[in-house]
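Notebook open, coffee poured. I want to look up the ligand's surroundings and then any enclosed space.

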Amino acid sequence: MARIVALLVAAGSGTRAGGGVPKQYRRLGGKAVLAHALDHLRRAGAEDIRVVIGPGQEALYAAAIGERALPAPVVGGAERRESVLRGLEAIAAAGGADLVLIHDAARPFLPRAVWERLVAALQESDAAVPTLAAVDTLVRGDALLGDAVERAGLLRIQTPQGFRFDAILAAHRAWAGGEATDDAQIARAAGIAVAVVKGSPALDKLTFEEDFARAEALVAARMVSRTGLGFDVHAFAEGEELWLGGVRIPHPRGLRGHSDADVALHAVVDAILGALGEGDIGTHFPPSDPQWRGAPSARFVEHARARVEAHGGRLDHVDLTLVCEAPKIGPYRAAIRARIAAVLRVPEARISIKATTTERLGFTGRGEGIAAQAAATLRLWEDDE
Ligand code: CTP
Ligand code: MG
């Protein structure tokens, strides 16, 4: 397996876009452009990501990435080319890579298919870039229209641009031209043949203020709603603590299970995993694995939340129903809601807690155990080309 590193350059100042902060830190659909770019890289298949930020952007960067686990950012230079070179040197210092895909944070919506096309092309070529045909009539001009430029054979080049790591590092080090607006130019100057794959309109760069309205519309249109269901049962047992929804509830008996047997949180985890289409709690935390014995179930919820984040998704709502004769859930409803909202890092308004009995019928009616049922609604990115 080739070791692939994604280098995300985010060190610009976004002069042309204007706004209070550099464009990579502005928000789209409630999330920083840089965070969109990171999440799309991850879901496309990037495992190692290095980010290059501008000097003095540390606080903006920290706020944008939130809890995402990343190596320390590299500090970039005054021009994009310099930022890329510093990023490449940092990767080299950390042990290098086989392939590097160099990407602009200002192109936040990388389709998985483009990543796959690039990685496939790099099996054969030392360099590959995504392109789209130029469709508008192209003309030289300034205040007045000049001559039309022959459009046939002209390509618009996007990022990520993929390279054999050693080749592009050497090309960057050897570059003696002026400022270059992309890395393929630098590769070609070093004699590297650059292959072409199909790009995507979703990769168009955010450059001007008006591009942000287009990007907001794209976020709204490409996020689809998915719902998952979760169901769980645990039996009462003597000598156990009772945990429901991450809250310790005083009760003569608790629930028996491999972990803390928090039936409510287990149903929530399964609902979220269901909406993601990623199996169930047992797939992620096998009961045979001793490390989960007695584990607080909030850890499983935290994991489900991280999976949503890895998809670049958003948790819209969780609706949980507890089924038992006793204890009465009412007095703990607010605490459970607050706890689940805190672990999922969403406002309490997005969490609903309900409870019911089964009219003394069945195992819950006889007080043998507690059942829980949950629905989770997520918004996830629809795959496209
Ligand atoms: N970039 C960089 N370091 C620089 C300049 C640009 O890492 N010194 C990054 C930007 O953050 C962006 C990408 O390169 O992700 C493409 O550059 P561009 O669209 O030109 O962004 P800015 O330079 O920030 O914008 P402007 O040119 O309008 O100031
Ligand atoms: Mg620029």
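How far is an oxygen atom of ligand 1 from a polar backbone atom of Gly 12? I get 3.0 Å for that pair. Note to self: this is a predicted model, so every value here is computed from it.

Entry, other polar contacts. Backbone again at Ala 11: a polar atom there sits 2.9 Å from an oxygen atom of ligand 1. For Lys 205 I looked at the side chain, where an N or O atom is 2.6 Å from a ligand 1 oxygen. I also checked how much of the ligand is covered: on its own ligand 1 has 560 Å² of accessible area, and the protein covers 88% of that.

Entry, the shell. I count 19 residues around ligand 1. Lys 205 turns up again among the closest, together with Gly 14, Thr 15, Arg 16 and Ser 83. Sorted by class, I have seven polar, six nonpolar and six charged residues in the shell. Then I asked which elements feed into it: β1 (4–10) and α3 (80–93) each give at least two residues.

Entry, enclosed space. I rolled a water-sized probe over the atoms, since that shows where empty space is left. One cavity of 30 Å³ or more came up. The largest cavity holds about 30 Å³ of space.

Which residues line the largest cavity? I wrote down Pro 108, Phe 109, Ala 202, Asp 204, Leu 206, Arg 214, Ala 215 and Leu 218. By class, that lining is six nonpolar and two charged, with no polar residues.

Key. Residues numbered from 1 in each chain as written. Chains lettered and ligands numbered in written order. Predicted model: local features only at pLDDT ≥ 70, side-chain atom pairs only at ≥ 80, totals over all residues. Heavy atoms only, no water. 1 Å grid on protein atoms, 1.4 Å probe; cavity = no way out; pocket = protein on both sides within 12 Å on 5 of 7 lines; lining within 4 Å. Points joined across faces, edges and corners; volume = space filled by probe spheres on them. Nonpolar A, V, L, I, M, F, W, Y, C, P; charged D, E, K, R; others polar. Near = heavy atom within 4 Å. Polar contact = N/O pair within 3.5 Å; in protein donor to acceptor, adjacent residues only side chain to side chain. Areas by Shrake-Rupley, 256 points an atom, 1.4 Å probe, with all protein chains shown as cover. Helix = DSSP H or I, 4+ residues; strand = E, 2+ residues; numbered from the N terminus.
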